Amino acid sequence: MTVRIAIAGAGNVGRSIAQELIGNGHEVMLIERHPRQLCPERVPEARWVLADACELSSLEEADLAGCDVVVAATGDDKANLVVSLLAKTEFAVPRVVSRVNRAENEWLFTEQWGVDVAVSKPRLMAALVEEAVTVGDLVRLMTFRQGEANLVEITLPKDAPYEGQPVRSVPMPRDAALVAILRGKRVLVPTPDDPLEAGDELIFVCTSEVEDQVRAVVLGDRGVPPLG
């Protein structure tokens with residue numbers, strides 16, 4: 001399905017996002033207010049718009065209401081918050097993703113500002129480091145909807161309770177779902193009959209409240225935090 005996506009900010013980050021999304025078959029519009037950053041030859045498949053994404057009239061002319069997703073990707077947190085708020089409240093965009101440039105501003109990027117998903121590079125980098133070196137524990141990769149749901153990863157250790165057993169045998173708690181299995185260079189969409197193997201990276205979407213339950217189910221005794 002082709003998704004219409006508007007990206008505010010056509011710097012290195014905005015262009016990289018645009019190229020990735022276009023490569024996945026989506027329709028992308030790049031909105032940039034600085035003429036020197038307007039480089040259609042960098043991403044020729046995108047629609048380029050010279051405008052200030054913080055101005056309501058500019059977003060109306062760009063037909064933001066026709067977009068499925070808005071990405072606020074500028075290097076200015078204040079601008080990203082304004083873009084997010086306008087996208088959600090004035091144009092009812094279903095999905096708003098916002099870049100957080102300064103970690104100390106992360107607390108501002110909430111539903112009240114129209115943000116569905118906030119992406120903080122320091123937090124994401126830390127999570128990716130943890131994911132790369134951690135076996136036998138739960139690592140939170142990303143937070144959605146202001147902490148209501150999280151994307152988490154557990155690398156299955158040898159001798160885990162459900163190693164070698166099919167996915168259907170794992171008693172997942174409510175509000176948790178196994179959405180992908182990374183096995184070597186393969187990405188598997190899990191089916192009930194797929195067996196779990198040691199070294200599998202299990203990707204779950206779950207609420208914060210059930211993270212400990214997911215850890216305990218998948219890891220058994222080693223997933224239960226010690227008392228005291």
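Start with the whole chain: of the 228 residues in this predicted model, 45% count as buried. Colour by secondary structure and you'll get 5 helices and 11 strands. Switch on a surface and the protein exposes about 12,300 Å², with carbon and sulfur atoms supplying 54% of that. If you like contact maps, take the contacts between residues at least 6 apart in sequence: 54% of them join residues at least 24 apart.

**Stop 1: the six-stranded sheet**

Next, pick out the open sheet of 6 strands, which pair in parallel in the order 3-2-1-4-5-6. Strand 3 (47-50) and strand 6 are the edges; each has a single partner strand, so one side of each has no neighbour in the sheet. From one strand to the next, the twist averages 20 degrees.

Now zoom in on strands 1 and 4, a parallel pair held over 4 bridges. Want a specific spot to label? Select alanine 8 and then alanine 72, its bridge partner in strand 4.

Add helix 3 to the view: it lies across strand 1, strand 4 and strand 5. Against strand 5, helix 3 runs at about 175 degrees.

**Stop 2: arginine 4 and its partners**

Stay on strand 1 and show the side chain of arginine 4. Which residues is arginine 4 linked with in a network of salt bridges? Glu27 and Asp63 are the ones to select, since the network consists of Arg4, Glu27 and Asp63.

Take glutamate 27 to begin with: its salt bridge to arginine 4 comes out at 3.4 Å, N to O. Arginine 4 sits in strand 1 (residues 4-8) and glutamate 27 in strand 2 (residues 27-32), so this pair ties together parts that are 23 residues apart in sequence. Then swing over to aspartate 63, whose salt bridge with arginine 4 is 3.7 Å, N to O. That pair links distant parts of the chain, with aspartate 63 in the loop between helix 2 (56-61) and strand 4 (69-72) and arginine 4 in strand 1, 59 residues apart.

Colour the trio by accessibility while you're here. Arginine 4 is partly exposed at 22% relative accessibility, glutamate 27 is partly exposed at 41%, and aspartate 63 is partly exposed at 37%.

**Stop 3: the helix 3 salt bridge**

A search of the whole structure finds 9 salt bridges, and another one worth a look involves helix 3. Select lysine 88 and aspartate 116: their closest N and O atoms are 2.7 Å apart. Lysine 88 belongs to helix 3 (residues 77-89), while aspartate 116 is in the loop between strand 5 (95-100) and strand 6 (117-120), 28 residues apart.

Buried or partly exposed: what is each partner? Aspartate 116 is buried, with a relative accessible area of 5%; lysine 88 is partly exposed at 25%.

**Stop 4: helix 5**

Finish by selecting helix 5 (residues 211-219). Its buried residues are Glu211, Val214, Arg215, Val217, Val218 and Leu219. To see what covers them, bring up the surrounding strands: among them are strand 7 (138-144), strand 8 (149-155), strand 9 (176-183) and strand 11 (201-206). For the background on helix spacing, an α-helix has 3.6 residues a turn, so residues three or four places apart point the same way.

Last click: glycine 220, which follows helix 5 and has a positive phi, near 70 degrees.

Definitions and conventions. Residues numbered from 1 in each chain as written. Predicted model: local features only at pLDDT ≥ 70, side-chain atom pairs only at ≥ 80, totals over all residues. Heavy atoms only, no water. Buried < 20%, exposed > 50% of the residue type's maximum accessible area, 1.4 Å probe, protein only. Helix = DSSP H or I, 4+ residues; strand = E, 2+ residues; numbered from the N terminus. Contact = heavy atoms within 4.5 Å. Salt bridge = Lys/Arg side-chain N within 4 Å of Asp/Glu carboxyl O. Areas by Shrake-Rupley, 256 points an atom, 1.4 Å probe, with all protein chains shown as cover. Pairing = 2+ DSSP bridges. Axes fitted to C-alpha atoms, helices over the stretch in contact; angles between N-to-C directions.
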